[in-house]
Amino acid sequence: MPTPRPAAVALAALLCLAAAGCSGSDSGSGGKKTDAAEKASPAAQGQYPVTLKNCGLNQKFDQAPSRVVVMNGASVAEVSTLLALGQGDRIVSNQQSYGMSEVPGRAEEIKKLPTGGVRPNDAYDIPREAMIGLRPDLVLSNMSYGFDAKNGFATREQLQEVGARTYISPEGCGQDILNTTIDDSYTLLRDMGKVFGVEDRAEKLIATERQNIADVAEKVGDAKKPRVMVIFSNMTMGGNDFSSIAAHGIYNDILAKAGGGNAFASASKTSFADLSKEKVAATDVDALVVVSYNDPDPTAYAKKLLKEFPQWSAAKKNKFVVLSDSMYLGPSNDVAVEKIARMLHPEAF
């Protein structure tokens, strides 16, 4: 595997923290959480106050936030959701980017957002002093990790003292992404729709995405489900050559809705499998999904991988697709479902 670049190291560190912290979450199937993002006081469209119970804390909003900080968290879910809801002008500091996007113009839109002049700390995110200096009224984090004082971050309590509300995305309360599904993306959209008074827009986005996925499912029907490898390109997260293979999480829900299955779902009980080259070679892979995180040439990585394992069915048929943000939590999972389905079942389209 190539040596990861600094951005890749940041992603690896954050994803490994998510994969390792599985015992702290009480997640259920279908994206339903017992606590995360549970609504305590839903409001009508654009009507305040709005109160969300989020990861054990009530967060009350008397008006739409106007100084929003989006922490890194190796995510693009939060910033993409705000942009999809038309709230980009409320962001004073964004630390998220995958460098590319399946949504036309999204990567460029993210690149134009202000960073607030923040210099990330050794934990690859906004340090406590810099966060307080941004004077936020809402801080978004993909995981509870983003508010951990041990990592040099401002805690939720410290931010509350300076008038900032905080929000951890649906799968992040216990740093457990094992059971994350597309429904969690809908929860994030709904919650932000309430917070910013654009509930109708959120519901329209969700309805459109549901319909797009249903249309794909109808086309694919009961076709045989190919075995798919989902891997982050040019990334190392563990001790073996192949440590960035997704085993559980939203990736599997997307694959299932696209008419496929994860070839490595049984290889690990954690979110990512950390496998030797021999183990990977012994597993037949029908198709390859490469997820890019600020990788300048993920297609070259995909082709190199197929060449390295010529015995795979995927290599013999040259079956691969390169994705980025649509394969992760966020407002465009339907794009990943369709692109993967078109690769796996071209005869259906």
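Ala 74 is buried, with a relative accessible area of 0%; burial here denotes under 20% relative accessible area, exposure over 50% and partial exposure the range in between, computed with a 1.4 Å probe on protein chains only. The residue is placed in the loop between β4 (68–70) and α2, and its phi is near 55 degrees, a positive value in a residue other than glycine. The model is a predicted one, in which local features need pLDDT of at least 70 and side-chain atom pairs count only at pLDDT 80 or more, while totals for chains, interfaces and linings use all residues. Residues are numbered from 1 along each chain as its sequence is written, and side-chain values use heavy atoms, with hydrogens and water left out.

The secondary structure of the protein chain comprises 12 helices and 13 strands; these elements are DSSP runs numbered from the N terminus, with helices (H or I) of at least four residues and strands (E) of at least two. Of the 349 residues of the chain, 56% count as buried. Among contacts in the chain with a separation of 6 or more, 71% are accounted for by residues 24 or more positions apart, a contact being defined by heavy atoms within 4.5 Å.

Backbone geometry was examined next. Most residues other than glycine have a negative phi, and most peptide bonds are trans. Besides Ala 74, Arg 135 has a positive phi, of about 55 degrees, although it is not a glycine. Arg 135 lies in the loop between α4 (128–133) and β6 (138–141) and, at 55% relative accessibility, counts as exposed, whereas Ala 74 is buried. A cis peptide bond, with omega near 10 degrees, links Tyr 48 to Pro 49. Pro 49 is found in the loop between β1 (38–41) and β2 (50–54).

Helix α2 (residues 77–84) and helix α6 (residues 182–195) have axes that come within 10 Å and cross at roughly 55 degrees. Axes are lines fitted to C-alpha atoms, for helices over the stretch in contact, and angles run from 0 to 180 degrees between N-to-C directions. The two helices α2 and α6 are therefore oblique to each other; angles under 35 degrees count as roughly parallel, over 145 as roughly antiparallel, 65 to 115 as roughly perpendicular and the rest as oblique. The crossing of α2 past α6 is right-handed, a term applied if the near helix is turned clockwise from the far one by less than a right angle, the anticlockwise case being left-handed. On the α2 side, Ala 77, Glu 78, Thr 81 and Leu 82 meet Leu 188, Leu 189 and Met 192 of α6. These contact residues divide into 5 nonpolar, 1 polar and 1 charged, where Ala, Val, Leu, Ile, Met, Phe, Trp, Tyr, Cys and Pro count as nonpolar, Asp, Glu, Lys and Arg as charged, and the others, Gly among them, as polar. Ser 80, also placed in α2, is buried, with a relative accessible area of 2%. Leaving aside neighbours within four places in sequence, Ser 80 is in contact with Arg 106, Ile 110, Asp 325 and Pro 331.

A second helix pair is formed by α8 and α12, whose axes come within 8 Å and cross at roughly 50 degrees. Helices α8 and α12 are therefore oblique to each other, and α8 passes α12 in a right-handed crossing. Ile 250, Ile 254, Leu 255 and Lys 257 in α8 meet Asn 333, Ala 336, Val 337 and Ile 340 in α12. By class, this contact has 6 nonpolar, 1 polar and 1 charged residues.

Within α8, Ile 250, Tyr 251, Asp 253, Ile 254 and Leu 255 are buried. Their cover includes α6, β8, β9 (242–246), β10 (261–262), β11 (272–275) and α12. Gly 259, which follows α8, has a positive phi, near 85 degrees.

Helix α12 (residues 333–344) contains 12 residues and reaches 17 Å from its first C-alpha to its last, close to the 16 Å expected at 1.5 Å a residue; the expected span is 1.5 Å times one less than the number of residues. The buried residues of α12 are Asn 333, Asp 334, Ala 336, Val 337, Ile 340, Ala 341, Met 343 and Leu 344. Elements covering them include α6, α7 (199–220), β8 (227–232), α8 (250–257), β12 (287–291) and β13 (320–323). Asp 215 lies in helix α7 and is partly exposed, with a relative accessible area of 29%. The C-alpha atoms of Asp 215 and Glu 338 are separated by 9.1 Å, the two residues being 123 residues apart along the chain.
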